[in-house]
Amino acid sequence: MAVVSGRKRALLVGVSYKGDTSRELTGAAEDVKDMNSLLKKFLFPEGSIHMLTEELGAKDPLKAPTRENIMKEMRWLVEGCRAGDSLVFHFSGHGRQRKDDNGDEVDGRDEELCPVDYKESGNILDDDINDAIVKPLTQGSMQQMGLCSRYKWVGQTRWRLSPKKERAMVPVGGHAISISGCKDYQNSLEPDNTAGGGVMTRSFLEAVGSRRTMTYGELLDSMRAKVHHRLQQSSSGKCLVTGCLGSLAAKCLPCCFLSVQEPQLCSSEEFNVYEEQFIL
């Protein structure tokens, strides 16, 4: 498997929203455990992986996925980063969009993550994430998180750079990459018939675990196929639909339609996804 030469650090967050019946997730904590196991295979040292879940927080309040703890751990993730380092931020939980209040979003909407105490402390804006773990990256460091150039599925063939430019979250010198479960207007699903985690995380783990080496394009190909297969299995006879109109149909007639989520890759710099080796 492809590896990097510098230090390795990871922050894994899983929010189950226990007791919040309208938002509770059954597989978020399991996602964190499975990501932890995967990173150890990529030679991440035990002490370099920090995990935040409600289960861990019940024993140690500093390990609860609160807004304060997540922001604190984000700062730890990039502290002292240097060339050759590999940094991973993983979040399993709810996110949402809201109206952009400072005019820095092309589509007029901010994205945000929901910590366990979102009702009391508020959400974590993409601007907060940018300031905490993207801007501090130094030349030669790699982080699996970020925004800027978006790659999309084209026809039945390949992933290509989208002509639509995103708002740039540009690090000082490192390379930030984000792999997410769906487009901004879609939902990243956790099937009702499994406690094994979200569709995106499960597909990512299976894709990475299936080969010793792969490019980012091959990773996206594999994830997309696995996501669609998993959704087909859990669709219970619903018609699978894609795109903005598909999402609208799924919202209006959830008994008949299921929106097919598309894995996304965004990067702080353009690169050929079928030539660049996926590394952790």
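## Salt bridges and ring pairs in a predicted model

Let's start with one contact: Glu 112 and Arg 96 form a salt bridge, with their closest N and O atoms 2.5 Å apart. A salt bridge here is a side-chain nitrogen of Lys or Arg within 4 Å of a carboxyl oxygen of Asp or Glu. This is a predicted model, where local features need pLDDT of at least 70 and side-chain atom pairs count only at pLDDT 80 or more, while totals for chains, interfaces and linings use all residues. Residues are numbered from 1 along each chain as its sequence is written, and side-chain values use heavy atoms, with hydrogens and water left out.

**More on that opening pair**

- The bridge links distant parts of the chain, with Glu 112 in strand E5 (residues 109-113) and Arg 96 in strand E4 (residues 95-99), 16 residues apart.
- Strands (E, at least two residues) and helices (H or I, at least four) are DSSP runs, numbered from the N terminus.
- Glu 112 is buried, at a relative accessible area of 4%.
- Buried means under 20% relative accessible area, exposed means over 50%, and partly exposed is in between (1.4 Å probe, protein chains only).

**The whole protein**

- You'll find eight helices and 13 strands in the protein.
- Out of 280 residues, 51% count as buried.
- Take the contacts (heavy atoms within 4.5 Å) with a separation of 6 or more: residues 24 or more positions apart account for 69% of them.
- About 13,400 Å² of the protein is exposed, and carbon and sulfur atoms supply 51% of that.
- Those accessible areas come from the Shrake-Rupley method with a 1.4 Å probe, and for residues only the protein chains shown count as cover.

**Other salt bridges**

- The count comes to ten salt bridges.
- In one of them, Glu 55 meets Lys 33, the closest N and O atoms being 3.5 Å apart.
- Glu 55 lies in helix H2 (residues 54-57) and Lys 33 in helix H1 (residues 28-41), so this pair ties together parts that are 22 residues apart in sequence.
- Both ends are partly exposed: Glu 55 has a relative accessible area of 38%, and Lys 33 has 40%.
- Lys 135 and Asp 131 also meet through their side chains, at 3.2 Å from N to O.
- Here too the partners are partly exposed, with Lys 135 at 42% relative accessibility and Asp 131 at 44%.
- Asp 31, Asp 34 and Arg 202 are joined into one network by salt bridges that share partners.

**Aromatic rings**

- Rings of Phe, Tyr and Trp (its six-membered ring) pair if their centres lie within 6.5 Å; planes under 30 degrees apart count as stacked, over 60 as edge-to-face and the rest as tilted.
- By that rule there are five aromatic pairs.
- One of them is Phe 204 with Phe 278, an edge-to-face pair at 6.1 Å centre to centre and 80° between the planes.
- That pair links distant parts of the chain: Phe 204 is in helix H6 (residues 199-209) and Phe 278 in the segment after strand E13 (264-267), 74 residues apart.
- Phe 204 is buried at 8% relative accessible area, and Phe 278 is buried at 5%.
- Tyr 216 and Phe 271 also pair edge-to-face, with 5.5 Å between centres and 75° between planes.
- Tyr 216 belongs to helix H7 (residues 216-234) and Phe 271 to the segment after E13, 55 residues apart.
- Tyr 216 is buried at 0%, and Phe 271 is buried at 12%.
- Ring pairs link Phe 42, Phe 204, Tyr 216, Phe 271 and Phe 278 into a cluster.
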